[in-house]
Amino acid sequence: MPFPIEPPRMGEPWLLTPGPLSTSYAVKAAMLTDWGSWDADFRDMTAQMRAMLVDLLGPGGEAYTCVPMQGSGSYCVEAMLGTLVPRDGHALVLANGAYGQRAARQMAQMGRACTVLDKGDYLPPRGAEVTALLAADPTITHVVAIHCETSSGILNPLAEIAKATERAGRRLLIDSMSAFGAVPVMPSEIAFDAVVSSANKCIEGVPGFGFVLAGREVLAAAQGRAHSVSLDVHAQWAELERSGQWRYTPPTHAVAAFLQALHEHADEGGVAARGARYAANRNRLVGGMRQQGFETLLADEWLSPVITTFFCPADPAFAFADFYDRMKARGFILYPGKLTVVDSFRVGTIGRFDTTVIDQVLTATAQSLHDMGVASAAPPAAALAERAKFLSEVST
Ligand SMILES: *Cc1c(COP(=O)(O)O)cnc(C)c1O
């Protein structure tokens, strides 16, 4: 089915952000009904949602179950780690940005053993490094990988990380928050115990909850392990299986919206089509921005279809806050950068839009630069040195 173009949005800016993101009218309209959390209609919605999410895993997905959890994505990551890493377990967290750092912090706060491979702002953790670290420390039971590290937009090499983990006989837990639904996570391709994502990213729902897709056997063995009553994936699963209900108040409206979003995802053609639309958005964006003189932090091979980091121009007439306001006035919400060394900003390419919107983004950036009196969007020398560092490290 072709991607449906909706009429112009009256004054509502496009969110070029990695979630919450721009959603369809039908997703928003699905929130206009009130549902009783205990009622059979809502239980059916929960059951349908769980089944549709398992289906996204493709062949081999039958061995997994879906457990939705209230809260934002971080709550669900914490629930996954606390439930699936045994109290006497030991996790190797592969960090190259804020989300890997957060997972490590969650492990520390829970009092679980944790070793961090810290690659800095954006360098990818490689399979060979994982192999070496696991060989050096036989007490490590689990590897925690971030699929797309949204801080920089890098798509981490999940396949080689999974292979290294499986070869060493350890278990893999994946934070695919910002990639799931657009980048495949398939049990037929990689071995993993669980993957976690949330409603307001590539499935294009609204915020309010996330979900853990975990191997049934792995989850069954995790009873009583959680550090927390609320963030216990096993207990939530047990209640869903027993009564069809969530423990504690479910985000009913967000679930209704998400179910609509899942149907739209299927109508569009599933993970492959969603990923292709986002990749086309990204390609159009990156090509157009480069034509205007902007440079990306990462080499093409490491760019995700989700979000891209651009260096701020060196031109003294450029100030990000001013650029942001001008882009917002033209109908686009940008995302600030997160690099520690040089100034940058990010542009998300996920959400309910296609390349026709990206073309408008490119016109808006050119006009904004012109109005600010920025003659060149070329980054400063320090930014290019950062990128040279990236290129030399990833090629070794
Ligand atoms: C969005 C995101 C999360 C969760 O963030 P919340 O703000 O708690 O929803 C976790 N990991 C990654 C990689 C993300 O992109």
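# Notebook: salt bridges, domains and a small set of local features

I began with the charged pairs and found that the structure, which is a predicted model, holds 19 salt bridges. One of them that I looked up is the pair of Glu241 and Arg50, whose closest N and O atoms are 2.8 Å apart. I then placed both residues: Glu241 lies in helix α8 (residues 233-243) and Arg50 in helix α2 (residues 40-55), so this salt bridge ties together parts that are 191 residues apart in sequence.

**Domains.** Next I looked up how the protein is divided, and I noted domain 1 as 14-18 + 271-395 and domain 2 as 26-267. Domain 1 is thus written in two segments, with the residues of domain 2 falling between them in the numbering. I took the centres of the two domains over C-alpha atoms and noted a separation of 28 Å.

**Where the domains meet.** How many residues of each domain are in contact with the other? I counted 28 residues of domain 1 in contact with 28 residues of domain 2. For the area, I noted that domain 1 and domain 2 bury about 2,400 Å² between them, and that 60% of this is on carbon and sulfur atoms. On the side of domain 1, the residues that lose the most area to domain 2 are Val271, Arg274 and Trp302, which together account for 29% of what that side buries.

I then turned to the polar side of this boundary, where I noted four salt bridges between domain 1 and domain 2. I also looked up the salt bridge that Arg352 forms with Glu264, in which the closest N and O atoms are 3.9 Å apart. The count of residue pairs in polar contact between the two domains is 13, with both residues at pLDDT 80 or more. As to which elements of domain 1 give two or more residues to the side that touches domain 2, I listed α10 (270-291), β11 (307-311) and α13 (381-394). Sorting the residues of that side by character, I had 15 nonpolar, five polar and eight charged.

**A three-stranded sheet.** I followed β11 further and found an open sheet of three strands in the order β11-β14-β13, with antiparallel pairing. Why is one side of β11 and of β13 left without a neighbour in the sheet? I noted that β11 and β13 (335-336) stand at the edges and each has a single partner strand, so one side of each has no neighbour there. Between β13 and β14 (residues 344-348), which run antiparallel, I counted two bridges, and within β14 I identified Phe345 as the bridge partner of Pro336.

**Backbone details.** Last, I checked two places in loops. A cis peptide bond, with omega about 0°, joins Gly19 and Pro20, and I placed Pro20 in the loop between β1 (14-15) and α1 (25-29). Glu204 has a phi near 70°, which is a positive value in a residue other than glycine, and I placed Glu204 in the loop between β9 (194-198) and β10 (209-215).

Note on methods:
Residues numbered from 1 in each chain as written. Predicted model: local features only at pLDDT ≥ 70, side-chain atom pairs only at ≥ 80, totals over all residues. Heavy atoms only, no water. Domains from an automatic or database assignment. Contact = heavy atoms within 4.5 Å. Buried area = accessible area lost by both parts, 1.4 Å probe. Salt bridge = Lys/Arg side-chain N within 4 Å of Asp/Glu carboxyl O. Polar contact = N/O pair within 3.5 Å; in protein donor to acceptor, adjacent residues only side chain to side chain. Helix = DSSP H or I, 4+ residues; strand = E, 2+ residues; numbered from the N terminus. Nonpolar A, V, L, I, M, F, W, Y, C, P; charged D, E, K, R; others polar. Pairing = 2+ DSSP bridges.
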